[in-house]
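Student: I am new to this structure and would like to go through it step by step. Could you answer my questions as we look at it together?

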Amino acid sequence: MATLQYAESARRITDAAQIATILAPLGITLQTIPVTGGRAAALLAQPQLDAEAQVALLTALDDVFQRLQREKGYQERDLVVLYPEHPQLPELNARFHRMHTHDDEEVRYIVDGEGVFGFVLEDGAQVELTVQAGDYVHIPADVEHWFRLNDAQRIKAVRYFSARGGWTPHYTDRALQHFPNP
Ligand SMILES: [Fe+2]
């Protein structure tokens, strides 16, 4: 279940309909897709997955991909697996915990752990959306956002891609406001 938090504030929103209403003007959508798949549970329980295990997990989750292929035309998917000992964790955090946009949409299905997306609302207020297993988030192209892990530093997320590419982050000058760590 996702949680929305406003910067510099203790205000937290957990009601899915209210979160959807707040994010709708940005074109951001959030859905719940329960994580199922026979082999998936054992693989999701492991913090790290080798290449073979990642392919097995993606295959176990492919009913979601096949539906998205039909409905949205996504053509590729891969898996992001982050854990506290990941060797590139500081580098990845530095890359994405800055305000940025992409030329293409950013589509993530969280299947384990948690992650935090940040957005700027139309009135300039900044919010962070904590997503967990079962949350599917769609951020349109050119929408300013950032991403970070929380203290647990653990996430598994499937990324879905159109064929267009466009994944380089374009950094904007906007400063991030302060958020208490969820
Ligand atoms: Fe991004």
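Tutor: Let us begin with one contact, keeping in mind that this is a predicted model. The side chain of S162 makes a polar contact with the side chain of D104, at 2.7 Å.

Student: Where does S162 lie, and is S162 buried or exposed?

Tutor: S162 is found in the loop between β10 and β11, the latter being residues 170-171. Its relative accessible area is 13%, and because buried means under 20%, the side of the cut-off on which S162 falls is clear. S162 is therefore buried.

Student: Which residues coordinate the iron ion?

Tutor: The donor atoms sit at 2.1 to 2.2 Å from the iron ion, and they are NE2 atoms in the case of the histidines and OE in the case of the glutamate. In sequence, the donor residues follow the spacing H-x1-H-x3-E-x38-H. The residues that coordinate the iron ion are H100, H102, E106 and H145.

Student: Which parts of the chain do H100 and H145 tie together, and how many residues apart are they in sequence?

Tutor: H100 and H145 are both donors to the iron ion. H100 belongs to strand β5 (residues 100-101) and H145 to strand β9 (residues 145-148), so the pair ties together parts of the chain whose separation in sequence is 45 residues.

Student: Are H100 and H145 buried or exposed?

Tutor: The relative accessibility of H100 is 1%, and H100 therefore counts as buried. For H145 the relative accessible area is likewise given as 1%, so H145 is also buried.

Student: What is the arrangement of the four donor atoms around the iron ion?

Tutor: The four donor atoms subtend angles of 83 to 166° at the iron ion. Four donors count as tetrahedral if all angles lie between 85 and 135 degrees, and this range of angles does not meet that condition. The arrangement is therefore irregular.

Student: How much space lies in the largest pocket, and which residues are closest to its centre?

Tutor: The space in the largest pocket comes to about 550 Å³. The lining is made up of 25 residues, and those closest to the centre of the pocket are V80, L82, L92, F96 and F147.

Student: Which element supplies the largest share of the lining of the largest pocket?

Tutor: At least two residues of the lining come from each of β4 (76-82), α5 (89-96), β6 (106-120), β9 and β10 (155-161). By character, the lining residues divide into 14 nonpolar, five polar and six charged. The largest share, six residues, is supplied by α5.

Student: How far apart in space are Y83 and I155?

Tutor: Y83 is placed in the loop between β4 and α5, and at 12% relative accessibility it counts as buried. In sequence, Y83 and I155 are 72 residues apart. In space, C-alpha to C-alpha, the distance between Y83 and I155 is 6.7 Å.

Student: What is the phi of E8, and what is the phi of Q153?

Tutor: E8 lies in the loop between β1 (3-6) and β2 (12-13) and, at 56% relative accessibility, counts as exposed. Q153 lies in the loop between β9 and β10, where it is partly exposed, with a relative accessible area of 33%. Neither E8 nor Q153 is a glycine, although each has a positive phi. The value is about 55° for E8 and about 50° for Q153.

Methods:
Residues are numbered from 1 along each chain as its sequence is written. This is a predicted model: local features need pLDDT of at least 70, side-chain atom pairs count only at pLDDT 80 or more; totals for chains, interfaces and linings use all residues. Side-chain values use heavy atoms; hydrogens and water are left out. Donors are N, O and S atoms within 2.8 Å of the metal (3.2 Å for Na, K and Ca); water is not among the atoms, so sites may look incomplete. Four donors count as tetrahedral if all angles lie between 85 and 135 degrees; four count as square planar and six as octahedral if opposite donors are over 155 degrees apart and all others between 65 and 115; anything else is irregular. Helices (H or I, at least four residues) and strands (E, at least two) are DSSP runs, numbered from the N terminus. Buried means under 20% relative accessible area, exposed over 50%, partly exposed in between (1.4 Å probe, protein chains only). On a 1 Å grid over the protein atoms alone, a cavity is a set of points where a 1.4 Å probe fits but cannot get out, and a pocket is an open set with protein on both sides within 12 Å along at least five of seven lines; lining residues have an atom within 4 Å of a point. Grid points are joined across faces, edges and corners, and a volume is the space filled by probe spheres set on the points. Ala, Val, Leu, Ile, Met, Phe, Trp, Tyr, Cys and Pro count as nonpolar, Asp, Glu, Lys and Arg as charged, and the others, Gly among them, as polar. A polar contact is a pair of N or O atoms within 3.5 Å; within protein, one must be able to donate a hydrogen and the other to accept it, and residues adjacent in sequence count only if both atoms are side-chain atoms.
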